[in-house]
Amino acid sequence: MFWRTRWRLVLWNSLVVACILSIFSISIYSFLSVQLTNNMDRNMIVQLQPVLQTVQSGKKPPALAEPPQPRVLRGRLLGQQRTIISPLNGQPLGVIVWRPNGTLAFPAPKYLTSSDIRQLQAYVRPLRPENITIEQQPVRLVVIPVNANVAGITRPLLVMGLRNISGVVETLQELRWITFAGIVLGVGIAIAIGIILADQALVPIRKAWDRQVQFVADASHELRTPLASIQANSEWLLGHTEGWSDQQVQTVHGIFTETKRLSRLLNLLLTLARSDANTAQIAIKNTDISSLTKEISEQFSPLCEASELQFHVQVEEGITGGIDPDRIRQVLFNLLDNARKFTSKNGQIALTCTLTRRSVQWVISDTGIGINPSELTRIFDRFYQGDSSRSNASGLGLGLSIVKWIVEAHGGSIHVRSQEGQGSQFIVLIPLRIQNRDS
Ligand code: ADP
């Protein structure tokens, strides 16, 4: 009974924690990534300033004149050390000066291959910092226009700054993994804590529920004996009515009928209370299901005749398997009796029993008043009764809830198809290998 509520609570808890963790982690990651990139760009522009001034004055920039030694960039996170060799021969910042027509204003730096130069030609235009890939390595690139003054003549040039950002990219990738691992771990912990919290939260509810169920079971049980005695006495009185007026007979008859109805209601309530308390047992026995179904249909047939209904039965031979025969009898009788109650004279009722993939399937159909689509989801609720004005049938509204409980306790399912004014079809499917299961 509380199994579903418990897992729903855990699921909601975990979902909320996962959402909070994800938003928090993604915000931190985005903030760090933007900060890192901004810092890198600012740094690059600052480093480029002396180069820009040199080029403006018409001289060769120092970085081009003297290529620095190959450098090793070290990335360090969680104590792990990696060595990244730049494709641009380890240059922390590479500089190339272009003419606007895409030719080199100074000889290409030695650490760039001719294919690198060809690739970079595509970016010879003023550019804000952006990421490109050279020799499968991520590179940040910026292009700044300058006017160089060479012997009194002003010439427009483009200074291109390049930085290998493998270290930053790998750091961000690691950060993404850590963020992801953090979210997974957080959700795992949230599920574990959620289970403990849900169990704690359900303790008082479980106790109140148990008390309520116990009360209904006790009350139904205690009321059964006096009711049985009233029923027996009124029945005895009805057998000794000599000298009574019609009114007296009718009154006692009324008492007898209502007592019968009440004791049926009490029996149903007791069954439901026991099913809620998980004390109602389903006694699975290896049963000849075909014979059981035929026996039920034979018992039901006279009732159909009395109500002037045609009853068709089709039972596949040789179906055997583990079911509780008494409970299944209750299911089929309830469904057949409903079909009878809600079908008017000369209507038809059909019962089929077949074996479909290790499950037994019963279909009970009628050509009765049908069920309104808005009621279809509610007919299995306790005490729910459809619009009584559509039929003269009297009932208690508990039959289908008991049917559903029995079917589900067998590990099966029940479905209904209906069209108002055309009839209804109840399909019961029970797997034959399933052992007793509490709902
Ligand atoms: P009861 O039959 O005692 O009213 P049930 O739980 O068996 O209670 O059924 C609930 C309601 O479902 C009925 O009141 C009726 O409106 C609807 N119902 C069930 N079976 C049929 C059927 N075969 N045809 C039409 N309506 C049905």
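Which element supplies the largest share of the shell around the ligand? In this predicted model, that element is α7, with 3 residues. Helix α7 spans residues 325-341, and α8 (399-409) and β13 (423-431) likewise each supply at least two residues of the shell.

Around the ligand stand 19 residues, of which Asn338, Lys341, Gly386, Leu396 and Leu400 come nearest. By class, the shell comprises 9 nonpolar, 8 polar and 2 charged residues. Polar side-chain atoms approach the ligand at several positions. One such atom of Lys341 lies 2.9 Å from a ligand oxygen atom, and one of Gln385 is placed 3.3 Å from an oxygen atom of the ligand. For Ser424, the partner is a nitrogen atom of the ligand, at 3.4 Å from a polar side-chain atom. The ligand taken alone exposes 530 Å², and 96% of that area is buried by the protein.

Helix α1 was examined separately. This helix covers residues 3-56, and its 54 residues should span 80 Å because each residue contributes 1.5 Å; the C-alpha atoms at its ends are 77 Å apart, in agreement with that expectation. A kink of about 35° is nevertheless found in α1 at Gln49, shortly before the proline Pro50. After α1 comes Gly58, which has a positive phi, near 85°.

How values were computed. Residues numbered from 1 in each chain as written. Predicted model: local features only at pLDDT ≥ 70, side-chain atom pairs only at ≥ 80, totals over all residues. Heavy atoms only, no water. Helix = DSSP H or I, 4+ residues; strand = E, 2+ residues; numbered from the N terminus. Expected span 1.5 Å × (residues − 1). Bend = angle between axes of the 7 residues up to and from the residue. Near = heavy atom within 4 Å. Polar contact = N/O pair within 3.5 Å; in protein donor to acceptor, adjacent residues only side chain to side chain. Areas by Shrake-Rupley, 256 points an atom, 1.4 Å probe, with all protein chains shown as cover. Nonpolar A, V, L, I, M, F, W, Y, C, P; charged D, E, K, R; others polar.
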